[in-house]
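Let's take a walk through this one together. Have the chain open in your viewer and follow along as we go.

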Amino acid sequence: MKPAGVVRKVDQLGRIVLPKSLRKRYQMNEGDPVEILVQGDHIILERYRPKCVFCGSMEEVSEFKERYICGQCVTEMNLIPKNA
Ligand SMILES: [Zn+2]
């Protein structure tokens with residue numbers, strides 16, 4: 001981890017403006033979901049990537065009934081015998 005060379009103040013609502021140069025560099029656009037991670041004393045912002053609710057995979061994830069599921073789990077679910 002290295003400093004981005006930017007210091008910003010947190011406003012009274014807890015907001016921080018990400019500099020345009022960083023948004024452009026990391027392709028963050030208005031409305032993009034961002035996940036907040038913590039590691040020790042650090043707060044890390046990361047582009048949100050949905051994970052499969054069953055296995056945690058981020059590969060081939062699609063939304064189904066407001067949840068996320070990966071292609072592998074969809075394939076495995078199709079192998080489950082249906083009750084008559
Ligand atoms: Zn999965």
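**Starting at a strand pair**

In strand 2, the residue standing opposite L37 is I44. Before going further, keep in mind that what you have on screen is a predicted model. That L37 pairing belongs to a ladder: strand 1 and strand 2 run antiparallel and are joined by 6 bridges. Another rung has E35 standing opposite E46 of strand 2.

To find these strands, look for residues 34–39 for strand 1 and residues 42–47 for strand 2. The two make a hairpin, with 2 residues between them. Check G40 in that turn: its phi is positive, at about 60 degrees.

How many of the 6 residues of strand 1 are buried? The number is 0, so strand 1 lies largely in the open. Strand 2 tells a similar story: of its 6 residues, 0 are buried, so strand 2 lies largely in the open too.

E46 is a handy residue for seeing this up close. It lies in strand 2 and has 10 other C-beta atoms within 10 Å, and because a residue with 12 or fewer counts as exposed, E46 is exposed. Setting aside neighbours within four places in sequence, E46 is in contact with V34, E35 and L37. So E35 turns up twice around E46, as the residue standing opposite and as one of the contacts. You can also look from E46 to Y26: these two are 20 residues apart in sequence, and their C-alpha atoms are 9.6 Å apart in space.

Now move along to the other hairpin. Strand 3 covers residues 61–64 and strand 4 covers 67–70. They pair in the antiparallel sense over 4 bridges. One of the pairings to pick out is E63, whose bridge partner in strand 4 is Y68. This hairpin also has 2 residues between its strands, and K65 in the turn has a positive phi of about 50 degrees.

The backbone angles around here deserve a pause. Most residues other than glycine have a negative phi. K65 goes the other way with its positive value, and E66 does too, with a phi near 65 degrees. E66 is found in the loop between strand 3 and strand 4. Is E66 buried or exposed? It has 5 C-beta neighbours inside 10 Å, so E66 counts as exposed.

E60 is another non-glycine residue with a positive phi, near 50 degrees. You'll find E60 in the loop between strand 2 and strand 3. With 13 other C-beta atoms within 10 Å, E60 is partly exposed.

From E60 you can hop straight to helix 2. G71 is in that helix, which takes in residues 71–78. Leaving out neighbours within four places in sequence, G71 is in contact with E59 and E60. G71 itself is partly exposed, having 13 other C-beta atoms within 10 Å. For a longer view, pick G71 and S21: they are 50 residues apart along the chain, and 35 Å separates their C-alpha atoms.

**Stepping back**

Time to zoom out. The chain has 2 helices and 4 strands, and reading along the sequence gives the pattern α-β-β-β-β-α. Its radius of gyration is 19 Å, well over the 12 Å that the globule rule gives for 84 residues, so the chain is more spread out than a compact globule. Along its principal axes, the C-alpha trace spans about 60 × 30 × 25 Å.

Where do the domains fall? The chain is divided into domain 1, residues 1–48, and domain 2, residues 49–84. Their C-alpha centres lie 30 Å apart.

Two chain-wide numbers round out the picture. Of the 84 residues, 4% count as buried. Among contacts with a separation of 6 or more, 2% are between residues 24 or more positions apart. If you go back to the first hairpin with those in mind, recall that the number of buried residues is 0 in strand 1 and 0 in strand 2.

How values were computed: Residues numbered from 1 in each chain as written. Predicted model: local features only at pLDDT ≥ 70, side-chain atom pairs only at ≥ 80, totals over all residues. Buried ≥ 20, exposed ≤ 12 C-beta atoms within 10 Å, placed from the backbone. Rg over C-alpha atoms; globule rule 2.2 N^0.38 Å. Contact = placed C-beta atoms within 7 Å. Domains from an automatic or database assignment. Pairing = 2+ DSSP bridges.
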